[in-house]
Amino acid sequence: NTAQKKISTSKQHFAAVDTAAADSGTSAIIQNLETRDPFKDVDCDIAAQQGHVVHIRGQKRNARKSTTTVAGLPAEIDLDLVLKALRSKFNCSGALVQHKQWGSVLQLSGDQRFGVKAFLLEERLASEESVKVHGPATGLK
C-alpha cells in the first residue's frame, strides 16, 4: 500500500498547489493538475475478461546478476507509475521497453518475480489466474 500512500500524497500536493494558485489569481495557468489513479482505472476482472495474461520472467545475466521482465499488462494502466512504484518498493532500477512482439515490457534488476506478482495482486492490476510466473520457484541459479 506504499504506492497508494504516494499517490494520495501527490493528490494532496496537487490540491495544495491548485488552492495556492487560485488564491494568487494564477489558476488560468495551472489547469491540468487533476491526477488520475491508474490503480483504480483498471479492475482485475476487466483485465481477465479482455484475455490479458501477464507474464513475469526471470532472466539470468551472469553468475550473480539477473533481471525480471513483466509483459502483458493492459494498455489502460499507466505503466510509468506502476514502474515507479515497483522500483521504490523493491529498491531496484527499472525501465519501460517497447518490444515489437510483446508491446510494453517492464524490466527490473534482480529476481523480483514473486514480489511483482504479489504487488499486481495486491493492487488489483491482475487476477491470480491471469499472472504466469516463469522460471524455478526457489530462485534463479
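At 70% relative accessibility, Asn 91 counts as exposed, and this residue of the predicted model sits in the loop that leads from H4 to S3. Although Asn 91 is not a glycine, its phi is positive, at about 50°. A second residue of this kind is Arg 124, which is not a glycine either and has a positive phi of about 60°. Arg 124 is placed in the loop between H5 and S5, and with a relative accessible area of 41% it is classed as partly exposed, since the partly exposed class covers values between 20% and 50%. As background to both cases, most residues other than glycine have a negative phi.

The chain as a whole contains five helices and five strands, and, read from the N terminus, its elements follow the order α-α-α-β-β-α-β-β-α-β. Of the 141 residues in the chain, 30% are buried. The accessible surface of the chain amounts to about 8700 Å², and carbon and sulfur atoms account for 50% of that area. When contacts between residues at least 6 apart in sequence are considered, 57% of them join residues at least 24 apart.

The five strands form an open sheet in which the order is S3-S4-S2-S1-S5 and the pairing is mixed. S3 and strand S5 (131-134) are the edge strands, each of them pairing on one side only. From one strand to the next, the twist averages 20°. In general terms, the strands of a sheet pair through backbone hydrogen bonds, in either a parallel or an antiparallel arrangement.

Two of the pairings can be described in detail. Strand S1, which spans residues 54-60, and strand S2, which spans residues 66-71, are paired in the antiparallel sense over six bridges, and Ile 56 stands opposite Val 70 of S2. Strand S3 (residues 94-99) and strand S4 (residues 103-109) likewise run antiparallel, joined by six bridges, and these two strands form a hairpin with three residues between them. Within this hairpin, Gly 94 has Leu 108 of S4 as its bridge partner.

The surroundings of Gly 94, a residue of strand S3, may be followed further. Gly 94 is partly exposed, because its relative accessibility of 25% lies above the 20% limit under which a residue counts as buried. Once residues up to four places away in sequence are set aside, Gly 94 touches Leu 83, Arg 87, Gln 107 and Leu 108. The C-alpha atoms of Gly 94 and Gln 107 are separated by 5.3 Å, although the two residues are 13 apart along the chain.

Thr 67 belongs to strand S2 and, in contrast to the partly exposed Gly 94, is buried, because its relative accessible area of 16% falls under the limit of 20%. With neighbours within four places in sequence left aside, Thr 67 is in contact with Arg 57, Gly 58, Gln 59, Arg 61, Leu 108 and Gly 110. Leu 108 therefore appears in the contact lists of both Thr 67 and Gly 94. Arg 57, which is also among the contacts of Thr 67, lies over the face of Trp 102, at 5.3 Å from the ring centre. As for pairs between aromatic rings, a search of the whole structure finds zero.

Two helices are placed against these strands. Helix H4, formed by residues 79-90, lies across S3 and S4, and its direction runs at about 10° to that of S4. H5 packs on the sheet as well, where it touches S1, S2, S4 and S5, and its direction makes about 160° with that of S1. Arg 113 is located in helix H5, which covers residues 113-122, and this arginine is buried, its relative accessible area being 0%. Arg 113 and His 55 lie 58 residues apart in sequence, and their C-alpha atoms are 9.8 Å apart in space.

Technical notes:
Residues numbered from 1 in each chain as written. Predicted model: local features only at pLDDT ≥ 70, side-chain atom pairs only at ≥ 80, totals over all residues. Heavy atoms only, no water. Helix = DSSP H or I, 4+ residues; strand = E, 2+ residues; numbered from the N terminus. Buried < 20%, exposed > 50% of the residue type's maximum accessible area, 1.4 Å probe, protein only. Contact = heavy atoms within 4.5 Å. Areas by Shrake-Rupley, 256 points an atom, 1.4 Å probe, with all protein chains shown as cover. Pairing = 2+ DSSP bridges. Phe/Tyr/Trp six-rings, centres within 6.5 Å; stacked < 30°, edge-to-face > 60°. Lys NZ or Arg CZ within 6 Å of the ring centre and 35° of its normal. Axes fitted to C-alpha atoms, helices over the stretch in contact; angles between N-to-C directions.
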